[in-house]
Amino acid sequence: MPYCIRINQTGPASVMKWRHVDIGKPKQGEAVIRNTAIGLNFIDTYHRKGLYPLNTPFTPGVEGAGIVEALGKGVQNLKVGDRVTYCSDPIGSYAEKRIFPAGRLIKTPRNISDEQAASMMLKGLTAAMLLKRIYTPSKSDTVLIHAAAGGVGLILCQWAKLLGAKVIGTVSSRKKGALARANGCDHTIIYTEGDFVARVRQLTRGRGVPVVYDGVGKNTYPGSLDCLSMRGMWITYGNASGPVPPVAPLTLLQKGSLFMTRPILNHYISTRAELTLLAKELFDVVGSGSVRIHVEQRYALKDAAKAHRALE
């Protein structure tokens with residue numbers, strides 16, 4: 001019987017327990033996956049703490065890669081032994097084996113390892129959504145990326161640079177600044193050492209930027225709005241420092257007729273066609289070597305609590 005991480009009540013990392021699980025047999029349209037690599041994402045901590053409420057008990061995790069071990073009836077696009085990856089509902093990737101909807105699985109290309117796939121699907125598809133579906137920077141654009149040395153940030157910096165944009169990134173330390181610059185950032189701002197708004201205005205000669213990709217949330221508001229040029233777009237896609245407070249429509253008017261969006265990846269991969277197309281765009285830039293995927297740390301699945309503490 002395989003093991004998994006189970007959460008019976010939300011709270012600190014210690015609530016995650018190593019347990020046996022009986023996954024049963026796949027139903028129609030489902031596949032049994034033996035996970036070979038599992039992605040760690042900040043959203044996993046939101047689920048664990050209850051910021052994004054789920055019914056308990058549950059197994060956390062939204063991202064993984066592995067091998068198809070069994071198929072339910074009616075599955076046409078897969079066979080036993082296929083390498084696959086995933087990053088959408090239902091959650092539950094912190095498991096040695098799991099059942100997953102076959103229609104939400106993507107075959108892993110030969111030139112991408114399971115570790116890469118499990119490390120990039122959620123973060124990489126999020127970056128693809130931000131850059132290819134919401135705001136695609138042109139070669140004349142200067143963009144601002146918060147948390148530029150984070151998981152999504154490193155992919156955003158490389159991909160935005162690939163598209164020809166000039167990239168400004170905020171980071172929390174000099175070490176992270178060096179990492180961001182090595183991954184496409186033209187200018188890094190250590191927001192703990194100064195006013196990032198003033199520095200962005202200085203770097204853009206007072207114009208501001210047409211778009212801010214903001215996965216930080218509370219601590220970068222309202223500064224993100226003040227970095228935008230007239231009719232600029234604020235994309236707030238994460239809450240690493242806590243949720244953004246309510247924003248009055250009049251505030252957007254007063255700061256330059258700004259646009260604001262709060263996207264979630266699932267709404268941009270809601271159909272099979274959307275999922276496969278966005279995944280192909282990600283696989284193409286990673287497979288070509290234009291965007292590198294960093295695997296900085298590795299943990300045994302049973303040590304998931306240690307991984308969460310390190311991430312936080």
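Is Glu281 buried or exposed at 17% relative accessibility? Glu281 counts as buried, because 17% falls under the 20% limit. With that settled, here are some notes on this predicted model, arranged by topic.

1. **The partner of Glu281.** The side chain of Glu281 meets that of Arg133 in a salt bridge, with 2.5 Å from N to O. Glu281 belongs to helix 8 and Arg133 to helix 2, and the pair links distant parts of the chain, 148 residues apart. While Glu281 is buried, Arg133 is partly exposed, with a relative accessible area of 35%.

2. **Helix 2 against helix 8.** That salt bridge leads straight to the helices themselves. Helix 2 covers residues 114-134 and helix 8 covers residues 272-287; their axes come within 9 Å and cross at roughly 105 degrees. An angle of 65 to 115 degrees counts as roughly perpendicular, and helix 2 and helix 8 are therefore described that way.

3. **Who makes that contact.** From helix 2, the contributing residues include Met120, Met121, Leu125 and Met129, along with Lys132 and Arg133. Helix 8 brings, among others, Leu275, Leu278, Leu282, Phe283 and Val286, and Glu281 is also one of its contact residues. Sorted by character, the residues of this contact are twelve nonpolar, two polar and three charged.

4. **The open sheet.** Please have a look at the six-stranded sheet next. Its strands follow the order 10-9-8-11-12-13, the pairing is parallel, and the sheet is open. Strand 10 (187-190) and strand 13 (259-261) are the edge strands, each pairing on one side only. On average, neighbouring strands are turned by 15 degrees against each other, direction ignored.

5. **Helices on the sheet.** Helix 3 (residues 151-162) packs on this sheet and touches strand 8 (142-145), strand 9 (166-171) and strand 11 (209-214). The direction of helix 3 makes about 175 degrees with that of strand 8. Helix 4 (residues 174-181) lies across strand 9 and strand 10, and runs at about 160 degrees to strand 10.

6. **Strand 12 and its edge neighbour.** Strand 12 spans residues 228-236 and runs parallel to strand 13, joined to it by three bridges. If you want a place to zoom in, Trp234 stands opposite Met260 in strand 13. Strand 12 also holds Arg231, which has a positive phi of about 65 degrees although it is not a glycine. Arg231 counts as exposed, at 58% relative accessibility.

7. **A second positive phi.** Ser257 is another residue other than glycine with a positive phi, near 55 degrees. Ser257 sits in the loop between helix 7 (249-254) and strand 13. With a relative accessible area of 43%, Ser257 is partly exposed.

8. **Salt bridges elsewhere.** The whole structure contains 14 salt bridges. One of them joins the side chains of Arg34 and Glu69, at 3.0 Å from N to O. Arg34 lies in strand 3 (residues 30-38) and Glu69 in strand 4 (residues 64-71), so this pair ties together parts that are 35 residues apart in sequence. Both ends are partly exposed: Arg34 has 34% relative accessibility, and Glu69 has 32%. Salt bridges with shared partners bring Lys97 into one network with Arg34 and Glu69.

9. **Asp82 and Lys79.** These two side chains also meet in a salt bridge, with 2.9 Å from N to O. Asp82 is buried, with a relative accessible area of 9%.

10. **Two cis peptide bonds.** Thr56 and Pro57 are joined by a cis peptide bond with omega of about -5 degrees. Pro57 is found in the loop between helix 1 (42-49) and strand 4. The peptide bond from Tyr221 to Pro222 is cis as well, with omega near 5 degrees. Here the proline, Pro222, lies in the loop between strand 11 and helix 6 (223-226).

Technical notes. Residues numbered from 1 in each chain as written. Predicted model: local features only at pLDDT ≥ 70, side-chain atom pairs only at ≥ 80, totals over all residues. Heavy atoms only, no water. Pairing = 2+ DSSP bridges. Helix = DSSP H or I, 4+ residues; strand = E, 2+ residues; numbered from the N terminus. Axes fitted to C-alpha atoms, helices over the stretch in contact; angles between N-to-C directions. Contact = heavy atoms within 4.5 Å. Parallel < 35°, antiparallel > 145°, perpendicular 65-115°, else oblique. Nonpolar A, V, L, I, M, F, W, Y, C, P; charged D, E, K, R; others polar. Salt bridge = Lys/Arg side-chain N within 4 Å of Asp/Glu carboxyl O. Buried < 20%, exposed > 50% of the residue type's maximum accessible area, 1.4 Å probe, protein only.
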